[in-house]
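Reader: Hi! I'm new to this one, could you walk me through it?
Author: Happy to, here it is.
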Amino acid sequence: MLPAPHSADSAGPSRADVPQKLDLTAQIARDLIRFDTTNYGEGRSNGETDAAEYIAEKLRALGLAPELFDSEPGRTSVVARVKGKDSLRPALVVHGHLDVVPADAANWSVDPFAGVIKDGLLWGRGAVDMKNMDAMILASLQDVISAQGAPERDLVIAFFADEEAGGVLGSHFLVNEHPHLFDGATEAISEVGGYSITLGGKRAYLLQTGEKALIWVKLVARGEAGHGSRMHPNNAITRLAEAVAALGRHEWPIRLTDTTEQLLGEIARILDVDPQRVGPDELALATGTASGFIQASLRTTANPTGLTAGYKHNVIPDTAEALIDIRSLPGEEDLVLAQIQEIVGSDIEIVTMHRDIGLETEFSGPLIDAVVSTLERHDPGAPVLPYLLSAGTDNKALSTLGIKGYGFAPLRLPADLDFPAMFHGVDERVPLDALVFGRQVLTDLFSNY
Ligand SMILES: [Zn+2]
């Protein structure tokens with residue numbers, strides 16, 4: 001169905017664009033990439049309105065009645081409800097986000113906002129996170145509606161603004177201001193799960209059943225201002241540097257949760273090793289490209305991500321500040337903050353800028369069964385493993401309405417593609433045939449669940 005360009009005939013950019021031959025999923029994903037919806041954080045953004053209106057138009061073409069919501073000018077989310085055949089079943093929320101993180105074109109081998117098709121892949125900011133899934137949702141919805149009129153149960157289709165800055169102006173805004181949109185929904189699926197990895201030479205799928213908590217803090221060191229030529233023991237920058245180094249170098253202990261314990265047990269079973277004799281980090285490393293996500297899910301992380309201090313080369317400032325991105329295991333947020341205060345010292349003030357809960361859901365139940373059996377139909381014999389995401393998604397906001405969220409954006413990927421590294425990375429790209437696979441799996445799931 002999809003005549004993907006072959007690398008054997010890698011002619012270069014002149015034959016890169018073949019719009020008339022592209023699968024609908026790739027067409028939509030490429031269109032979405034061409035809307036530069038960069039979210040710079042701290043309220044600065046290019047906005048999502050154009051992408052939201054494009055999606056609303058696609059939904060209207062399917063006979064749906066999408067609603068658009070602006071939390072602030074330019075910060076638009078879109079939601080549509082699709083009536084299912086069996087309205088007695090609880091609704092399923094299927095969601096994506098419209099914003100992307102910034103891309104520095106100088107580091108990319110293609111224009112990150114051109115939607116380039118090259119070597120059988122779609123390239124661009126959002127190709128992985130997560131305009132790919134946005135497109136898979138729309139294409140599969142079209143398939144379900146045209147083939148059988150309606151999905152099995154009600155679907156709440158949501159495309160949120162502002163996920164990359166914690167969802168304050170997107171999912172959290174809708175959940176707080178328009179909770180009725182999600183009436184009757186008990187479960188949700190979205191990003192950062194459902195993709196394949198290679199484990200012991202075999203393909204397996206990771207299903208995200210939990211997320212670490214997120215705490216973004218600022219460390220503030222205070223000292224005395226003064227002349228840069230003087231003896232100055234009470235220097236805020238020196239003090240802050242000590243605190244940042246101590247925290248950045250701190251080794252957090254491994255602590256397994258139900259999800260990570262189950263995952264490591266499954267990895268050991270597949271590799272046929274004794275989990276009592278092979279350590280958690282070693283088992284995580286066996287997942288290859290996914291190990292970066294999985295190792296970080298076994299412990300707290302607290303990474304310094306920014307420094308601000310000083311205003312003149314010969315003036316000692318009285319304050320110095322550092323940004324720290326903390327991801328604790330679910331439920332350990334307060335404990336971790338107390339430990340961080342000990343590590344940095346009591347004279348450093350910790351200011352919480354943004355905080356959101358961690359989530360963990362059991363790897364069982366009807367939706368899990370449906371996901372596993374659907375994947376089995378499309379990629380027979382590939383096991384499905386639960387995992388705890390080291391980052392966060394809009395499922396955090398939905399959880400406040402009692403909705404259990406999972407990461408399931410199904411993609412069958414080649415073993416040599418380091419897919420996890422492309423979340424927020426350079427040269428984000430997704431295989432065109434993986435997009436077709438995702439469309440087919442979601443169509444099957446919505447038709448039967
Ligand atoms: Zn994302």
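Author: One term to start with: buried means under 20% relative accessible area, exposed over 50% and partly exposed in between, with a 1.4 Å probe and protein chains only. This is a predicted model, where local features need pLDDT of at least 70 and side-chain atom pairs count only at pLDDT 80 or more, while totals for chains, interfaces and linings use all residues. Residues are numbered from 1 along each chain as its sequence is written, and side-chain values use heavy atoms, leaving out hydrogens and water.

Reader: Cool. Which residues of α5 are buried?
Author: Ala236, Leu240, Ala243, Val244 and Leu247. Helices are DSSP runs of H or I with at least four residues, strands are runs of E with at least two, and both are numbered from the N terminus.

Reader: And where do those buried residues sit around the axis?
Author: On the same side of α5, because they cover an arc of only 100 degrees, taken from the directions from the helix axis to the C-beta atoms.

Reader: What do they pack against?
Author: The buried residues of α5 pack against β12, β14, β16 and α9; contact means heavy atoms within 4.5 Å.

Reader: Switching topic, what coordinates the zinc ion?
Author: His97 (NE2), Asp129 (OD) and Glu191 (OE) do, at 1.8 to 2.1 Å. Donors are N, O and S atoms within 2.8 Å of the metal (3.2 Å for Na, K and Ca), and water is not among the atoms, so sites may look incomplete.

Reader: How are the donor residues spaced in sequence?
Author: The pattern is H-x31-D-x61-E. His97 lies in strand β5 and Asp129 in the loop between β7 and α3, 32 residues apart.

Reader: Is His97 buried or exposed?
Author: Buried, with a relative accessible area of 0%. Asp129 is buried too, at 5%.
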